[in-house]
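Student: I would like a close look at one part of this model, the charged side chains that pair with each other, and at the elements of the fold around them. Please take it step by step and in connected form.

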Amino acid sequence: MKVLYHGSLTIIDEPKIIQSGRTLDFGEGFYTTSSKKQALQWIKIRLVGKDMTQGVLNRYYFDDTVLTSANINVLHFEKPDEAWVDFVMENRLNKNFRHAHDIVIGPVANDRVYACFNAFENGFMNKQTLIGELKTYRLIDQYLFHTEKSLQYLQYINFQKV
């Protein structure tokens, strides 16, 4: 079992697949991370422009034995490589892109990473330079639960107001 966090403005004791109006690294679904610090950062981002001063750090157990099971389709990026860049760019730039993975795990593209992606997207940096630059960053993980099937491996523990 692994502990995962989800930074939010509300308690989420029953995770759901979130249909977002914006493009995300790995597509639509329910995002978590093994980094408490990253989840707290997501709360800060969500609080911007809101008439709220507190967020909620939700904690879950993830049955990570499923990662080696044939019953679920898992895509796991160990590091920022060409396949990860292509997958993130496809999700971010192609509104019609859909993938069939139940769970996607890989680095989260934070503000510094977005600046690199922007330089790549605008032709100021080639893909190999982008990957080389990203490898110098200490990137935090994110876990996307993309299907209802995947959510059965996530068990709510508790929350903390922050």
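Tutor: A good place to start is D25, which counts as buried with a relative accessibility of 3%, since the cut-off for that label is under 20%. Please keep in mind throughout that this is a predicted model. The partner of D25 is R92, and the closest N and O atoms of this salt bridge are 2.8 Å apart. The two residues belong to distant parts of the chain, with R92 in helix α2 (residues 82-93) and D25 in the loop between β1 (2-8) and β2, 67 residues apart. R92 itself is partly exposed, at a relative accessible area of 21%, so in this pair a partly exposed arginine meets a buried aspartate.

The whole structure contains three salt bridges, and the remaining pairs bring us to K127. E82 and K127 meet through their side chains in a salt bridge with an N to O distance of 3.5 Å, and this pair again joins distant parts of the chain, because E82 is in helix α2 and K127 in helix α4 (residues 127-134), 45 residues apart. D86 also forms a salt bridge with K127, and here the closest N and O atoms are 2.5 Å apart. Because D86 lies in helix α2 and K127 in helix α4, this pair ties together parts that are 41 residues apart in sequence. Taken together, E82, D86 and K127 are linked in a network of salt bridges. Both acidic members are partly exposed, E82 with a relative accessibility of 38% and D86 with a relative accessible area of 36%.

The helices that carry these charged residues also contribute nonpolar ones. The largest nonpolar core has 22 residues, and those with the most contacts inside it are F26, W84, V85, F117 and L134. Helices α2, α3 (111-121) and α4 each supply at least two residues of this core, and its largest share, five residues, comes from α2. L134 shows how such contacts are made: leaving aside residues up to four places away in sequence, L134 touches P80, W84, V85, V113, C116 and L139. A second core, separate from this one, has 15 residues, among them I12, I17, V66 and I103.

To complete the setting, consider the strands that flank the loop of D25. Strand β2 belongs to an open sheet of four strands in the order β2-β6-β5-β4, with mixed pairing, and β2 (30-32) and β4 (74-76) are its edge strands, each paired on one side only. Inside this sheet, β5 (residues 103-107) and β6 (residues 141-145) pair in the antiparallel sense over five bridges, one bridge pair being G106 and its partner Q142 in β6. Strand β1, by contrast, belongs to an open sheet of three strands in the order β1-β3-β7, with antiparallel pairing. Since β1 and β7 (154-161) stand at the edges with a single partner strand each, one side of each is left without a neighbour in the sheet. Helix α1 (residues 36-47) lies across β1, β3 and β7 and runs at about 15 degrees to β1.

Methods:
Residues are numbered from 1 along each chain as its sequence is written. This is a predicted model: local features need pLDDT of at least 70, side-chain atom pairs count only at pLDDT 80 or more; totals for chains, interfaces and linings use all residues. Side-chain values use heavy atoms; hydrogens and water are left out. Two strands pair if DSSP finds at least two bridges between them. A salt bridge is a side-chain nitrogen of Lys or Arg within 4 Å of a carboxyl oxygen of Asp or Glu. Buried means under 20% relative accessible area, exposed over 50%, partly exposed in between (1.4 Å probe, protein chains only). A nonpolar core is a set of buried Ala, Val, Leu, Ile, Met, Phe, Trp, Tyr and Cys residues joined through side-chain atoms within 4.5 Å. Contact means heavy atoms within 4.5 Å. Axes are lines fitted to C-alpha atoms, for helices over the stretch in contact, and angles run from 0 to 180 degrees between N-to-C directions.
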